[in-house]
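Here is a short briefing on a predicted model. The topics are the ligand site, the sheet and a helix packed on it.

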Amino acid sequence: MNYEAFYGLKKEPFGDIPDPGFFYSGAEHTRALVKLLHVIKKNRAMGLLTGSIGCGKTTIIRKILADLEEEKYSVSLMTLTQPDFSAVWFDKKLGELFGLRFDSKSRTEMKLELIEELERRQRSKRKTVILIDEANNITNPEVMEEIRGFLNLELQGYRLVTIILSGMGDMYEKIKNNISLRQRVSTIVSLPPLTFSSSREYVNYRLEQAGSTGTIFSDEALKLIYNFSSGVPRLINVICDNALLEGALLKKKIVEESIIKRVGEELMFDRDNKEENDKK
Ligand SMILES: Nc1ncnc2c1ncn2[C@@H]1O[C@H](COP(=O)(O)OP(=O)(O)OP(=O)(O)O)[C@@H](O)[C@H]1O
Ligand SMILES: [Mg+2]
């Protein structure tokens with residue numbers, strides 16, 4: 001069943017991928033974005049983006065990528081899906097992102113080519129920015145050291161690369177162990193879950209972006225969405241997506257609290273919340 005047609009929407013409002021086209025610039029996300037862009041535009045060495053699971057770190061990273069690509073920047077996004085990789089693997093991956101062919105080159109040759117490429121970009125006034133998502137997967141101290149090395153590169157007094165690391169909280173613990181790298185961190189932004197009023201705005205913003213012109217969720221429904229999701233955008237999306245489907249099945253143009261209650265219980269969010277509260 002296509003609930004978009006029932007609610008007069010042109011697009012899917014609550015997809016589960018971090019789409020910069022749906023970027024909601026509420027207070028929490030705007031603050032993080034502005035602080036990270038400051039690091040990049042002022043040519044600082046490194047910025048960190050941390051925060052709870054599903055609160056929008058990857059979405060912000062993709063937004064930075066999309067925004068900077070329109071300006072005079074060479075931006076690369078590396079998403080680390082596995083822990084425990086070596087510094088050589090890291091250099092190879094960077095080479096791939098920079099469009100270099102390393103084939104069977106030695107480590108020294110690879111490193112030289114990477115540096116030459118960074119210098120070339122700098123000479124043609126294109127600043128290099130490396131965005132590393134899921135950076136909590138950097139567990140090898142050698143990789144931290146490699147990152148530090150890149151941050152030290154300069155040409156005529158101008159830093160060649162700015163690096164933004166994004167990942168869950170324990171990422172910071174690993175960086176802290178490399179004192180020299182830690183000192184190069186010029187900002188740390190932690191992304192919190194949305195407040196109730198931001199979560200309400202977030203839901204309505206996504207609906208508007210999808211083509212809605214009127215009210216779909218009642219006020220009471222929005223309150224319950226917040227209670228079930230604790231303001232975590234990924235969970236808000238899941239609840240809203242299910243609720244719209246349920247609403248369309250029941251032919252309800254306005255999604256009331258009772259529909260959210262049913263969806264939240266089916267998704268077992270009531271149980272998750274109870275377990276969380278019991279733990280406290
Ligand atoms: N500012 C935002 N604007 C629009 N959608 C958002 C925003 N923040 C988060 N989302 C939505 O929430 C979902 C989860 O966000 P995202 O994947 O960015 O979180 P994350 O912090 O990277 O999670 P994880 O810790 O699992 O890596 C995204 O798919 C996106 O749809
Ligand atoms: Mg993520």
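**Ligand site and sheet**

Ligand 1 lies between two domains, because domain 1 (3–22 + 194–274) and domain 2 (43–191) both give residues to its shell. The model is predicted.

**Shell around ligand 1**

- The ligand is surrounded by 19 residues.
- The closest are Gly56, Lys57, Thr58, Thr59 and Pro233.
- Two elements each supply two or more residues to this shell: helix 3 (57–69) and helix 11 (233–249).
- By residue class, the shell holds nine nonpolar, seven polar and three charged residues.

**Sheet**

- An open sheet is built from five strands, in the order 2-3-6-1-7.
- Their pairing is parallel.
- Strand 2 (73–79) and strand 7 (185–191) are the edge strands.
- Each of these two has a single partner strand, so one side of each is left without a neighbour in the sheet.
- On average, neighbouring strands of this sheet are turned by 15° against each other, direction ignored.

**Strands 3 and 6**

- Strand 3 (residues 127–133) pairs with strand 6 (residues 161–166) in the parallel sense.
- Six bridges make up this pairing.
- Within it, Thr128 stands opposite Val161 of strand 6.

**Helix 2 on the sheet**

- Helix 2 (residues 27–41) lies across four strands: strand 1 (46–51), strand 3, strand 6 and strand 7.
- Relative to strand 7, helix 2 runs at about 165°.
- Strand 7 is also one of the edge strands of the sheet.

How values were computed: Residues are numbered from 1 along each chain as its sequence is written. Chains are lettered from A and ligands numbered from 1 in the order in which they are written. This is a predicted model: local features need pLDDT of at least 70, side-chain atom pairs count only at pLDDT 80 or more; totals for chains, interfaces and linings use all residues. A residue is near a molecule or strand if its C-beta atom, placed from the backbone, lies within 6 Å of it. Ala, Val, Leu, Ile, Met, Phe, Trp, Tyr, Cys and Pro count as nonpolar, Asp, Glu, Lys and Arg as charged, and the others, Gly among them, as polar. Domain bounds come from an automatic or database domain assignment. Two strands pair if DSSP finds at least two bridges between them. Axes are lines fitted to C-alpha atoms, for helices over the stretch in contact, and angles run from 0 to 180 degrees between N-to-C directions. Two residues are in contact if their C-beta atoms, placed from the backbone, lie within 7 Å.
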